[in-house]
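These are my notes from an afternoon with one protein chain. I wrote down what I looked up, in the order in which I looked.

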Amino acid sequence: MSVTRTPFGSWTSPITSDLLVGDVVTLANPVVETGCAYWIENRPSEGGRSVLVRRSANGKVSDVFGPDFAARTLVHEYGGLCYAVHRDTVFFSNFSDQRVYRLDRDGVPVPITAEPPTPRAWRYADYRVTPDGKYLIGVRERHEETVVNELVALSTDGSGDSWVVATDHDFFSSPTLSPDGSRLSWIAWDHPYMPWDTTLLYEADLDGFALSDIHVVLANADESVIQPHYDAKGSLIFVSDRSGWWNLYQATAEGPKALYPCDGEFGQPAWVLGITNFVALRDGSLVVTWSEEGSSRLGVLSEKGMRDVAIEWPLVRTLATDGERVVASVASPVRAPAIVEVDLSSGATQIFKSGFENVVDPGYLSVPQFIEFPTEMGLSAFALYYPPTNQDFEGPEGEAPPLIVASHGGPTVGASSALSYNTQYWTSRGFAVVDVDYGGSVGYGRAYRERLQGAWGVVDLDDCVNAANYLVATQRANPHALLIHGGSAGGYTTLCALTFRSVFRAGASYFGVGDLSALAKDTHKFESRYLDGLVGPWPAAREIYEERSPIFHTDLLTTPMIIFQGLDDPIVPPNQAEKMVEALRQKGVPFAYLAYAGERHGLRQAKNITRAAEAELAFYGRVLGFAPADDIEPVEIENAAAL
């Protein structure tokens, strides 16, 4: 096969913008019940609708409800687990009104929660069905004069009855019931902490809705306890980072007992509710997944120790079981993410659903390389480097490729090596991409997460710049064609890089933060005190907020950028983007601004996802001087003469 030399960025690629959304669905929250497997599909082709899907025991896959419903909760704005199954009956939070509906097999959805005082004012998530099927116990978030979070019990019979189970904390999550329904455990935490900083683990005896012996199992200022579950014997198992790593523990009368101590992460930051890194089998063992340096391991933990289960999927995201069968959400750098059933004896997997069916030839897929690079204060940071890959093309001889530095959101999340056409879109056109796990990212223990404490806008920025410099020094990136993009918190890091540094030729901010003080004053409850730890208490630390906010340093703006913003975003409101746009306009810096009606924090609609990718590519082409091979609608660039 002949290979053509042509400028980077202008390679013809089978990974079109339409492929980003055509048959693509995001898969989440698997559940196994009475021989059936369930999961949530987010479908850009249906306007971002989240659909609950069932795979019956006979292998038939079908939507649980019709197009008039969508399963999605707005608790914490980010949502998460929004349904539960008891035998053949499904309970789910409906997106349009946020009420919980009951759906019996072959029936129609019927609301079981009362009409809230205002639309979407009462939201429900992360609920479990009691063993007798009479009640749901879960998180309720009431948006009234203030926002109140609490644990509640809901009658499943449609009477609308509910009871408050626990209150007096700012947040709750992870209610879990013992196998016989006699005990209840849950997580709580309070401002200014986030659930990856400090949480409390509660347990109580449960008789009907009479709680007794309510006690705190763990409550330490420097300990994040997450994901409580009971095993088949009724022992309370949970994940804690008391060792510096999120490891598994069992609650005992003498205190927490470490079940498998190691330098690995058995937990994930609870941005969304209902993440499950371990499940209990009826034989008393646990099926667990944990991460080490960007990859996952799967194992069965019993009294005999840990038995590794070798499966062909290097990333296992979340688990589900009915006590016998195990279903998982999995991913790979070269295969579509999927919901699979795992044979624990052989490691074989059966695919129930792929995130997309049209996987391109491997000759167009870039496989990430895990890299460690030097950064400030003699420390190291980590990243995934994707070289440009296209079996039909190569760049000009002796020339290194343009590099896109990807700054992930959160910021308390991490880079993932899962196959994403959003990355391959760039690498197959001749760009290198480095997905940076800057200090503060997860997967490397608590100390690495805490590098960002008081240092957001400093550590993340330094690490992104140093990743680019390292790749230039190792001749894997063109020093004259360095770009940066990111969304949300990654959009903030991007705006900082384009304002405070002169390393990058251009960048793209997706719903990024330009004014930290505005975010501290105007965001939703879940993150309203997040910046206390990342920056400092507001307004006492006002000077630091202004020092690190690009909007207060518009005199430094010289780098072209393209900005994307959802006009219904409650997390980073549109005024953040609009302030930056006006500053760029006044300063005469080349920029493009694309705003999307009907989009919240992140693009969900297919037409907007495709347009954003094409617009970003066209923008880089204008800045770097290459012509994309794609037939792209021109993007309007203000102050374009300055290019």
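**Entry 1: two cis prolines**

I began with P192, which lies in the loop between β15 and β16. The model I am reading is a predicted one. I looked up the peptide bond from H191 to P192 and found it cis, with omega near 5 degrees. I noted the general rule beside it: most peptide bonds are trans.

I then looked up a second cis bond, which joins W538 and P539 with omega at about 10 degrees. P539 is also in a loop, between α6 (530-534) and α7 (542-547).

**Entry 2: the strands around that first loop**

I went back to β15, residues 183-189. Is β15 mostly covered or mostly uncovered? I found six of its seven residues buried, so I wrote "mostly covered".

Next I looked up the partners of β15. Strand β14 (residues 171-177) pairs with β15 in the antiparallel sense, over five bridges. One of the pairs I wrote down is L177 with L184 in β15. The hairpin of β14 and β15 has five residues between the strands, and G181 takes a positive phi there, near 75 degrees.

Strand β16 (residues 200-207) also pairs with β15, antiparallel, over six bridges. Here I noted I187, whose bridge partner in β16 is L201.

**Entry 3: an open sheet of four strands**

I traced a sheet with the order β2-β3-β4-β5; it is open, and its pairing is antiparallel. Why is one side of β2 and of β5 left without a neighbour in the sheet? β2 (26-33) and β5 (61-63) stand at the edges and each has a single partner strand, so one side of each has no neighbour in the sheet. I recorded an average twist of 25 degrees from one strand to the next.

For the pair β3 (residues 36-43) and β4 (residues 49-55), I noted seven bridges, again antiparallel. N42 stands opposite S50 in β4.

**Entry 4: positive phi outside glycine**

I reminded myself that most residues other than glycine have a negative phi. I then looked up two exceptions.

N29 has a phi near 55 degrees, a positive value in a residue that is not glycine. N29 sits in strand β2. Is N29 buried or exposed? Its relative accessible area is 15%, so I put it down as buried, the cut-off being under 20%.

E77 is not a glycine either, yet its phi is positive, at about 70 degrees. I located E77 in the loop between β5 and β6 (83-86). E77 counts as buried too, at 12% relative accessibility.

**Entry 5: helix α4**

I looked up helix α4, residues 489-500, which has 12 residues. From its first C-alpha to its last, α4 reaches 16 Å, close to the 16 Å expected at 1.5 Å a residue.

How many of the 12 residues of α4 are buried? The count is 11, so α4 is largely enclosed by the rest of the structure. Among the buried residues of α4 I listed Y492, L495, C496 and L498.

**Entry 6: helix α8**

Helix α8 (residues 574-587) has 14 residues and spans 20 Å from first C-alpha to last, close to the 20 Å expected. I found P574, Q576, A577, M580, V581, A583 and L584 buried in α8.

What covers the buried residues of α8? The cover includes α4, the helix of my previous entry, as well as α5 (516-521), β37 (561-566) and β38 (591-596). After α8 comes G588, whose phi is positive, near 80 degrees.

**Entry 7: the nonpolar cores**

I ended with the largest nonpolar core, which has 84 residues. Those that touch the most other members are L403, V405, V434, W456, F504 and L531. Helix α3 (residues 459-473) gives the most to this core, with seven residues.

I picked V434 and looked up its contacts, leaving aside its neighbours within four places in sequence. The contacts of V434 are I371, A383, L384, Y385, L403, I404, V405, A406 and L471. L403 and V405 are thus on both of my lists for this core.

My final note is on a second, separate core of 45 residues, which includes V360, Y364, A613 and F619.

Terms used: Residues numbered from 1 in each chain as written. Predicted model: local features only at pLDDT ≥ 70, side-chain atom pairs only at ≥ 80, totals over all residues. Heavy atoms only, no water. Pairing = 2+ DSSP bridges. Axes fitted to C-alpha atoms, helices over the stretch in contact; angles between N-to-C directions. Buried < 20%, exposed > 50% of the residue type's maximum accessible area, 1.4 Å probe, protein only. Expected span 1.5 Å × (residues − 1). Core = buried A, V, L, I, M, F, W, Y, C linked by side-chain atoms within 4.5 Å. Contact = heavy atoms within 4.5 Å.
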